[in-house]
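Colleague: I have the structure open on my screen and would like to talk it through with you. Could we start with the sheet and then move on to whatever catches my eye?

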Amino acid sequence: MAVRAVRGAVQLERDEAGHMDEQVSELLTAVLERNRLTSDDLISIWFTATPDLHSDFPAAAARKLGIVDVPLICAQELDIAGAMPRVVRILAHVETELPKAEVAHVYLGAAATLRKDIAQ
C-alpha cells in the first residue's frame with residue numbers, strides 16, 4: 001500500500017456556513033469516489049481557505065460526513081492580488097494501491113481553472 005497525496009479545490013458562491021458545508025462535502029465526496037477511497041484510507045487532510053472566507057471551518061464538513069478519526073487542519077491561503085476569491089483547497093494524504101499517475105485530483109466548478117494541468 002502506497003501513501004499518495006490528492007489535491008482538490010472548490011470555489012464558493014458566497015461566504016455562508018451552510019454553503020461551505022455543502023460545497024466542501026461535495027468536494028470530499030468526489031475525491032473519495034473518483035479515487036475509490038473510504039474514510040479508512042485517509043491519513044490526514046489539510047484544508048486552506050482564501051482570506052475572504054470567515055463563516056466556518058472547512059474541516060467541519062468532513063466531520064459531518066463521518067470523517068471523525070482522521071487528523072484535519074485548516075489554514076488560510078496566501079492573500080495574493082488577483083487570486084480567485086472564495087476558494088477552499090484540500091490536500092489529502094491517503095493509502096491506496098493507485099499509481100501516482102492514476103490519482104484523480106478534483107477541482108470543481110470554476111476552481112478547475114486553478115490547475116488545468118492536473119484537474120480531472
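Colleague: In which sense do strand 2 and strand 3 pair, and over how many bridges?

Modeller: In this predicted model, strand 2, which covers residues 42–49, pairs with strand 3 in the parallel sense, and 5 bridges join them. As an example, Trp 46 has Ile 73 as its bridge partner in strand 3.

Colleague: And what is the order of the strands in the sheet?

Modeller: The sheet is open and has 5 strands in the order 3-2-4-1-5, with mixed pairing. Strand 3 (72–76) and strand 5 are at the edges and have a single partner strand each, so one side of each has no neighbour in the sheet. On average, and ignoring direction, neighbouring strands are turned by 15 degrees against each other.

Colleague: How does strand 1 pair with strand 4 and with strand 5?

Modeller: Strand 1 runs antiparallel to strand 4 (residues 87–96), with 10 bridges between them, and Ala 2 has Thr 96 as its bridge partner there. With strand 5 (residues 106–108), strand 1 pairs in the parallel sense over 3 bridges, and Gly 8 stands opposite Val 106.

Colleague: Changing topic, which strands does helix 1 lie across?

Modeller: Helix 1 lies across strand 1, strand 2, strand 4 and strand 5, and runs at about 145 degrees to strand 5.

Colleague: Then there's Leu 12, in the loop between strand 1 and helix 1; is Leu 12 buried or exposed?

Modeller: Leu 12 is buried, because its relative accessible area is 1%, which falls under the 20% cut-off. Leaving aside neighbours within four places in sequence, the residues in contact with Leu 12 include His 19, Leu 53 and Val 88.

Conventions:
Residues numbered from 1 in each chain as written. Predicted model: local features only at pLDDT ≥ 70, side-chain atom pairs only at ≥ 80, totals over all residues. Heavy atoms only, no water. Buried < 20%, exposed > 50% of the residue type's maximum accessible area, 1.4 Å probe, protein only. Contact = heavy atoms within 4.5 Å. Pairing = 2+ DSSP bridges. Helix = DSSP H or I, 4+ residues; strand = E, 2+ residues; numbered from the N terminus. Axes fitted to C-alpha atoms, helices over the stretch in contact; angles between N-to-C directions.
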